[in-house]
Amino acid sequence: METESHSTAATSTPTAQELTQQFIAHTYGRFPLTLVRGHGSLAYDDAGREYIDLGTGIAVNGFGMSDPQWVNAVYEQLTTIAHTSNLYYTNPPAQLAQLLCERTGMAKVFFANSGAEANEAAIKVARKYAADRFGIGADGLPARYTILTLEESFHGRTLSTLAATGQEHYHELFQPLTPGFTHVSPASGIAGVAAAHAARPLAGVLIELIQGEGGIHVLDAQYVQELARWCGENDVLLMVDEVQTGNGRTGELYAFQRFGLHPDVVTTAKGIGGGLPLSAALLAHSVHTVLGPGDHATTFGANPAICAGALNVLNRIDSDLLAGVRAREAYIRSELEGASGITGVSGMGLMLGVSTVKPASDVVAACQAAGVLVLTAKEKVRLLPALNIPMDLLTRAIETLKDVCAL
Ligand SMILES: *Cc1c(COP(=O)(O)O)cnc(C)c1O
């Protein structure tokens, strides 16, 4: 492909990599790869090389890159009315909230812009719920305000969601973090949760059903059931962080539906916007009146153009699409389980962690050199392909991954 010849001829123009090095804060470890366009599950770099994308911008582009239907939905709304603020009513967020509630059994939605912000909303709901219900303690603080999360969890990068994140190495440089969080290992069972509650009364429990950044670790279904029952019995809110697991990723619309749960709060982000920033805290009937006017807000929350795109995405995550996700999971597992150099596959749906004998970062680099984009999660290779990735592309990519991993 030689379409870039005139731009590469201008030798003095700095490259994206040079400009980024000079002018963007060095908060990301980047691959030496500049992507210039993408269509569905194919991406192209600045030299015209083609890649099969199994990363979807970290579980964001559920229907692939620049999906035409999603682009049209966003474009139509962009050229109709793009932003109004939440001081006025607009159609797309109203319709999106209705659809989300109908498909989840939740009562109301608070829209924000990132996963961390959706979790901030959940934390505020839990604190206010507990304060309304249990009042002020002898020390002048609310009788219950602590949020319990799990070790190895990831809930975001704001100071409060960092405090919620159960991985010490994220905390070290930023003390003091927001107080009022405690962490337990799922291995300590319900006794561990009860002990934490006895030490510092809990307002809520926040969990990922599949720990994503923690290494694609699926929580034990029986532990989750017992935790849900314990929360109900102790009037502690059950909150599920579906920022990564949501929006069809696990083969259900939301993973809590696969686990048969009725959480009080579900947060989601990444895939819901289809490639633009949108997040949501879904509120069950138990908590939908907790936040009132003035209690919480965000300027960009529920942007009409982004919500129009999300409505298109959500409408297409139907039973056929979800069956396709599960069929692709079955195909990937049948290819990878027992393959040379591969010691296991964890996860659900199209959120999979592959344990490899070779270091995961070496596998990622070798796949990239061979034209396939994959990610890591801790020591595993992480696969997050588009929910509708064409089977021929998936087959080619999995063959490449197998070749790279083979001993
Ligand atoms: C990515 C992620 C977040 C943070 O989302 P941002 O949009 O980066 O703020 C929170 N929780 C989970 C489970 C995630 O995977």
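In what follows, Ala, Val, Leu, Ile, Met, Phe, Trp, Tyr, Cys and Pro count as nonpolar, Asp, Glu, Lys and Arg as charged, and the others, Gly among them, as polar. The structure shown above is a predicted model, and this account passes from its second largest pocket to a cavity and then to two pairs of helices.

The second largest pocket encloses about 850 Å³ of space, and 28 residues line it, with N86, V109, F110, F111 and A302 lying nearest its centre. Sorted by the classes given at the start, the residues of this lining fall into 15 nonpolar, 12 polar and 1 charged. Two elements, α5 (91–104) and β4 (108–112), each contribute at least two residues to the lining of the second largest pocket, and the largest share, 4 residues, is supplied by β4.

Rolling a probe the size of a water molecule over the atoms shows where empty space is left. The structure contains 1 cavity of 30 Å³ or more, and the volume of the largest cavity is about 50 Å³. Its lining is formed by A59, G62, F63, G246, N247, R249, G271, V313, I317 and L387, a set that divides into 5 nonpolar residues, 4 polar ones and 1 charged one.

One residue of that lining, V313, also leads to the first pair of helices, where it belongs to the contact of α12 with α4. The axes of helix α4 (residues 68–78) and helix α12 (residues 304–316) come within 8 Å and cross at roughly 150°; because angles over 145 degrees count as roughly antiparallel, α4 is roughly antiparallel to α12. The crossing of these two helices, α4 and α12, is right-handed. On the side of α4 the contact is made by Q69, W70, A73, V74, Q77 and L78, and on the side of α12 by P304, A305, A308, G309, N312, V313 and R316. Taken together, the residues of the contact of α4 with α12 comprise 8 nonpolar, 4 polar and 1 charged.

How are the second pair of helices, α9 and α10, arranged relative to each other? The axes of helix α9 (residues 189–199) and helix α10 (residues 221–233) come within 9 Å and cross at roughly 30°, and α9 and α10 are therefore roughly parallel to each other. The crossing of α9 and α10 is right-handed, and the contact is built from G189, I190, V193, A194 and H197 of α9 together with Y223, E226, L227 and W230 of α10. In the contact of α9 with α10, 6 residues are nonpolar, 2 are polar and 1 is charged.

Terms used:
Residues are numbered from 1 along each chain as its sequence is written. This is a predicted model: local features need pLDDT of at least 70, side-chain atom pairs count only at pLDDT 80 or more; totals for chains, interfaces and linings use all residues. Side-chain values use heavy atoms; hydrogens and water are left out. Axes are lines fitted to C-alpha atoms, for helices over the stretch in contact, and angles run from 0 to 180 degrees between N-to-C directions. Angles under 35 degrees count as roughly parallel, over 145 as roughly antiparallel, 65 to 115 as roughly perpendicular and the rest as oblique. A crossing is left-handed if the near helix is turned anticlockwise from the far one by less than a right angle, and right-handed if clockwise. Contact means heavy atoms within 4.5 Å. On a 1 Å grid over the protein atoms alone, a cavity is a set of points where a 1.4 Å probe fits but cannot get out, and a pocket is an open set with protein on both sides within 12 Å along at least five of seven lines; lining residues have an atom within 4 Å of a point. Grid points are joined across faces, edges and corners, and a volume is the space filled by probe spheres set on the points.
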